[in-house]
Amino acid sequence: MKLSKLLILFSVLFLSFSLSAADESGWISSGGESFYDAKNPWILHSKDISYCLEMDQVGFPLNRAEVLAIIEESFHYWQTEFSKTGEISNSPFRKSYKLGKNRITFKERCSGFEDIEFKLGKGQLDQEELSFLEENGHSYLGVAVRKQYDRKSLRGNGFIFISSHKDIKENFSSPDLYPTPWKHHQLLMLTLIHELGHVFGIPHMGNSIMAEAFLDVMTSKYFYRAFISYGVESFLAPPKETKRCTLIDTDMYNFFNLDFRKYNCLYIKKLSDSQYDIYASLNQGKQEKVASLVSLSPDVYGLESKPIGYLRLTKDQELFRSDTTNFRHLIAGPLIERYKLTGKLINHKTFSSYPVTMSVSPESISVISTLKDRFVTVYSYDSLYSNILSETFFVE
Ligand SMILES: [Zn+2]
C-alpha cells in the first residue's frame, strides 16, 4: 500500500504567539485553490475507525476515563447526524458519497496504526508534529491534522490535538479567552465534535458548530457559559422541536387568540415531513395545542440545501465505479437541509384555516401566515449558536 506522505492542517482556533515571516509581510491567500484530495474525509461510510488517547498529566482537570467518554459522545454525535438522511433534500435517489455507520474501536495504547490519535497536551506531540504546528507561527486550541492518505482506498489517518490549560496559559494571549475551558465537559465535547467534523471532511462553513470562529467564540469569556448551559445543536437537519419563550409579539398572540397574561412560550413539534403542531404554555408549564400545520409540501423554488463537502476521486481509487458517480470525479456529500414548505395552518381555537409558508434549516425555523390580509410571522426560532456567532444576541 503506497501511502502519500501528507500533513494536512484542517483547523482551527489560533492566536499568534510569535510572528512568522508571512505574518510580518501581511500576505495571505483566500479562495481559488484546487485542494485535490486534501480535504477529502479521512474515513467514509461503514468503514471501521480505530482511535487511541494520549494526554498530559497536567493541564486537564478531567481524568482519562472522563475524556474517553467525551470522545465516544463526540463520535456518537456525528454518527447520529449522518443518519439524518432521506428527509426532504437527501433523497435516496441522490448520488452522493455517504458518511457514518462506522464501527468505532478504542485501542488502549497508541501504536501508530490507529486512524485517529487523540493527543491532549503539547507533551504528546513528537518533534515532527510540533514543528508542523508551529511552522506558521500559530497556536491551536484544537486542530485535526491528516498525516497520511491512501489514494486507492480513499482513507486517511492522523491526529487531533487539543491544547492543555498549561499550553493555553503559555501560548495564548487573547484578553477575551476563558483560560480553563476543559473544566467543563461540554466545551471539550464541542471542540472534539468540531475537530471530528474536519476528520469527516467538513470544512469551515455555516454559522454553527463548523463555523471558522466557533471555537474562538465558544471559549470567549463573554460567551462560554451559554455554550455550557445549552444543548448541542444539530448540524445537518433542522431540529424536530423548538421553543420560543421571549419576544412573542402582538401579532403572534392575536393570531392564535392567546391571552398574553396566560401564555409566554410557543413550541413547534415536527410530526412528519408534512405536519407540525404548535403549542403554547405559561412559563414552560402545561402545553396546549393551538395550531396544526398540515399538508406541507416542499416548495421547489425554496430548496437551498447545500452539501457539507466534496469528495475528490483520485485516479487510483478503487471504491467507486464510474457509472455510480455519473462518470464524475468530484462528488457532493450529504446536504445540510434548508428548504421551504407550503401548506395550511389550522387554528384550533377558531377552527379557521390559513395558507402558510415555513422556512426550515438547522439554525432557524419560521412560519409565515396571514392576519387581516397582512403577512405575519406566527412562529420563529433562531439557534443559540447562530445568534451568538452573528452577535445579534448579547449573553451577559
Ligand atoms: Zn475548524
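This section describes the overall fold, the aromatic pairs and one pocket of a predicted model.

The protein chain has 396 residues, and 50% of them count as buried. Its secondary structure comes to 9 helices and 20 strands. Contacts between residues at least 6 apart in sequence were examined for their span. Of these contacts, 69% join residues at least 24 apart. The exposed surface of the chain amounts to about 19400 Å². Carbon and sulfur atoms supply 53% of that surface.

Aromatic side chains were considered next. The structure holds 15 aromatic pairs. One of them joins Trp78 and Phe82, whose ring centres lie 5.4 Å apart. Their planes meet at 20 degrees, so this pair is stacked, the limit for stacking being under 30 degrees. Both residues belong to helix H2, which spans residues 64-82. They sit 4 residues apart, about one turn of the helix. Trp78 has a relative accessible area of 0% and is buried. Phe82 stands at 6% relative accessibility; because the limit for burial is under 20%, Phe82 also counts as buried. The two residues are part of one aromatic cluster, formed by Tyr77, Trp78, Phe82, Phe200 and Phe235.

A second pair involves Phe214 and Tyr385. Here the ring centres are again 5.4 Å apart, but the planes stand at 65 degrees. The pair is therefore edge-to-face, a class that requires over 60 degrees. Phe214 lies in helix H6 (residues 214-218), whereas Tyr385 lies in helix H9. The pair thus ties together parts that are 171 residues apart in sequence. Phe214 and Tyr385 are both buried.

Helix H9 also contributes to a pocket. The second largest pocket has a volume of about 640 Å³. Three elements each give two or more residues to its lining: strand E9 (241-244), strand E20 (374-382) and helix H9 (384-390). Strand E9 provides the largest share, with 4 residues. In total, 21 residues line this pocket. Those nearest its centre are Lys243, Thr246, Tyr381, Asp382 and Asn387. By residue class, the lining of the second largest pocket divides into 9 nonpolar, 7 polar and 5 charged residues.

Note on methods. Residues are numbered from 1 along each chain as its sequence is written. This is a predicted model: local features need pLDDT of at least 70, side-chain atom pairs count only at pLDDT 80 or more; totals for chains, interfaces and linings use all residues. Side-chain values use heavy atoms; hydrogens and water are left out. On a 1 Å grid over the protein atoms alone, a cavity is a set of points where a 1.4 Å probe fits but cannot get out, and a pocket is an open set with protein on both sides within 12 Å along at least five of seven lines; lining residues have an atom within 4 Å of a point. Grid points are joined across faces, edges and corners, and a volume is the space filled by probe spheres set on the points. Ala, Val, Leu, Ile, Met, Phe, Trp, Tyr, Cys and Pro count as nonpolar, Asp, Glu, Lys and Arg as charged, and the others, Gly among them, as polar. Buried means under 20% relative accessible area, exposed over 50%, partly exposed in between (1.4 Å probe, protein chains only). Contact means heavy atoms within 4.5 Å. Accessible areas come from the Shrake-Rupley method with a 1.4 Å probe; for residues, only the protein chains shown count as cover. Rings of Phe, Tyr and Trp (its six-membered ring) pair if their centres lie within 6.5 Å; planes under 30 degrees apart count as stacked, over 60 as edge-to-face and the rest as tilted.
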